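I opened my notebook to follow one chain from its sequence into its fold. Here is what I looked up, entry by entry.

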Amino acid sequence: MKMVTGYAGWQEDELRREQARLQAEYEAYRSLNLKLDMSRGKPCPEQLQLSNEMLDILPSGEELRAENGTDCRNYGGLDGLPEAKRFFAEMLGVQSSEVIVQGNSSLNLMYDALARAMLFGVLGSEQPWSRLPSVKFLCPSPGYDRHFAICEQLNIEMITVDMTPEGPDMDAVERLVAEDDSIKGIWCVPKYSNPGGITYSDATVERLARMKTRAGDFRIFWDDAYTVHHLTSRHDELKNMLEACSNAGHPDRVFIFASTSKVTFPGSGVAALAASRDNLSHLKKQLSVQTIGPDKVNQLRHIRFLKDMEHLGRHMEKHAAIIKPKFDLVLSKLESGPGSKDIASWSKPSGGYFISLDTIDGCAREVVQRAAEAGVTLTPAGATYPYGRDPRDRNIRIAPTYPSLEELAQAIDILCVCVQLVSIDRILADQ
């Protein structure tokens, strides 16, 4: 995060002149009746176009058979096609026997895994989690709002843990899990995290793997959503969590989730779960009641299109070529807008889908509201914290990928004006 200097040293009359200038600029934007939506991290149409070839990759007259002879049009194949398992194993740095490949959504896999834990427990549980007096999850924040929504719906109490440049505050994590057996898990987006773009350090991965937990059935929900979503040629490296847990004597501690949702088509991708063989054996017994098998035709289509890690890498370079200029544009405008005023700090991610912006304490909600009134829809302030409550009311998630460059420039200009206006209001009120 980069912190900048400015408004704090201005005199009141200077601030009021600046306020008047910015207010006039803001009213001019409001008069345009814009409708610019940056509320979610979605691929833009140009990114989706990169995978259109996949729609015609399976000839209509061909029997759609996997490499082991499985007819992909029929029932079966509970844990996915062999070639799909191998593809995700290579992507995640695990063995094919440690992967199951399922439907289109890793979020769905995460929801199901947690819902099953509530209904039946996990491998090693003495009873279903729902029968316990309370179930708690650690939530490194700012974090992913949909993780928090799952916990809230399943009545799992969330405990906020601060994020650091190396990942979650491990001193807090280790203390909490050691003293409370109702803490059953932790959410992690370990690479190019949502929204801060942080990649967990090797030390953080090791500490998560080896820490002592009061709950014998504690689980790490390792959402490796952005593992191949690089913005530059220099890729962040993430230590292998499954291997770290095995080496630490806790082989069943982690569930790893990944998908092709932002690689190909978000609504029609392929998702995978990696875990210990014992964990997968336990899960597949439950899955065999839930489903007769996943969409193997879609798995086959994806593997024939993406092929292997070399082809995947080239494909992701095309994505980066489209979206990196958008990240660069946002960072440049933040620098030239709030950048010299000591009113904001922001992440400079080298991968992923978001930029995390921190305002002066107590300003984020009003900034988002003013931006909305000027036609720019952002992720709600507070959404990056459990229960939608940012204790410092300062974090705003910026999702640059979907708008065109022209729309994005306009939206960020408006956001910058709002940050400056609300900041001046707060500084004047505190004087």
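**Entry 1: a residue in a loop**

I began with Asp-252, which counts as partly exposed because its relative accessibility is 22%. For the record, I am working with a predicted model. Asp-252 sits in the loop between α8 (241–247) and β9. Which residues is Asp-252 in contact with, leaving aside its neighbours within four places in sequence? I found Leu-123, Arg-219, Ser-276, Asp-278 and Asn-279. I also checked the distance from Asp-252 to Ala-84: they are 168 residues apart along the chain, and their C-alpha atoms are separated by 23 Å.

**Entry 2: the helix that holds Ala-84**

Ala-84 led me to helix α3 (residues 82–92), where I looked up burial. Here 8 of the 11 residues are buried, so α3 is largely enclosed by the rest of the structure. I wrote down the buried ones: Glu-83, Ala-84, Lys-85, Phe-87, Phe-88, Ala-89, Met-91 and Leu-92. What covers the buried residues of α3? The cover includes the strands β3, β9 and β10, together with the helices α10 (296–306) and α11 (309–336). Just after α3 comes Gly-93, and I noted its positive phi of about 75°.

**Entry 3: the sheet**

Next I traced the strands. I found an open sheet of 8 strands with mixed pairing, and its order reads β3-β10-β9-β8-β7-β4-β5-β6. Why is one side of β3 and of β6 left without a neighbour in the sheet? β3 (99–101) and β6 (167–168) stand at the edges and have a single partner strand each, so nothing in the sheet lies on their other side.

I then looked at each edge. β3 runs antiparallel to β10, and 3 bridges join them. In this pair, Ile-100 is opposite Leu-273 of β10. At the other edge, β5 (residues 157–164) and β6 are antiparallel too, paired over 2 bridges. There I saw that Thr-164 has Gly-167 in β6 as its bridge partner.

**Entry 4: a closer look at β10**

β10 also pairs with β9, in the antiparallel sense and over 4 bridges. Ala-258 stands opposite Ala-272 of β10. Which way do the residues of β10 point? Ala-271 and Leu-273 point one way, Ala-272 and Ala-274 point the other way, and all of them are buried.

**Entry 5: helices lying across the sheet**

I looked up two helices that lie across these strands. Helix α4 (residues 106–120) lies across β4 (136–141), β7 (183–188), β8 (219–223), β9 (254–259) and β10 (271–274), and runs at about 155° to β9. Helix α9 (residues 277–290) lies across β3, β8, β9 and β10, and runs at about 25° to β3.

The two helices also pack against each other: α4 and α9 meet at an angle of about 100°, and their axes are 12 Å apart. That angle makes α4 roughly perpendicular to α9. Asp-112, Arg-116 and Phe-120 of α4 make the contact with Leu-283, Gln-286, Leu-287 and Gln-290 of α9. Sorted by class, I have 3 nonpolar, 2 polar and 2 charged residues in this contact.

**Entry 6: helix α5**

I checked α5 (residues 145–153) for burial as well. Its buried residues are Asp-145, His-147, Phe-148, Ile-150 and Cys-151. Among what covers them I listed α4, β4, β5, β7, β8 and β14 (395–398). Just after α5, Asn-155 takes a positive phi of about 60°.

**Entry 7: later in the chain**

My last stop was a second helix pair. α12 (residues 364–373) packs with α13 (residues 405–430) at an angle of about 135°, with axes 9 Å apart. That makes α12 oblique to α13. Their crossing is right-handed. From α12 the contact uses Glu-366, Val-367, Arg-370 and Ala-371, and from α13 it uses Ile-414, Leu-415, Cys-418, Val-419, Leu-421, Val-422 and Asp-425. By class, this contact of α12 with α13 has 8 nonpolar, no polar and 3 charged residues.

I closed with Ser-332, found in helix α11. Ser-332 counts as partly exposed because its relative accessibility is 45%. From Ser-332 to Leu-408 I counted 76 residues in sequence, with 12 Å between their C-alpha atoms in space.

Note on methods
Residues are numbered from 1 along each chain as its sequence is written. This is a predicted model: local features need pLDDT of at least 70, side-chain atom pairs count only at pLDDT 80 or more; totals for chains, interfaces and linings use all residues. Side-chain values use heavy atoms; hydrogens and water are left out. Two strands pair if DSSP finds at least two bridges between them. Contact means heavy atoms within 4.5 Å. Axes are lines fitted to C-alpha atoms, for helices over the stretch in contact, and angles run from 0 to 180 degrees between N-to-C directions. Angles under 35 degrees count as roughly parallel, over 145 as roughly antiparallel, 65 to 115 as roughly perpendicular and the rest as oblique. A crossing is left-handed if the near helix is turned anticlockwise from the far one by less than a right angle, and right-handed if clockwise. Ala, Val, Leu, Ile, Met, Phe, Trp, Tyr, Cys and Pro count as nonpolar, Asp, Glu, Lys and Arg as charged, and the others, Gly among them, as polar. Buried means under 20% relative accessible area, exposed over 50%, partly exposed in between (1.4 Å probe, protein chains only).
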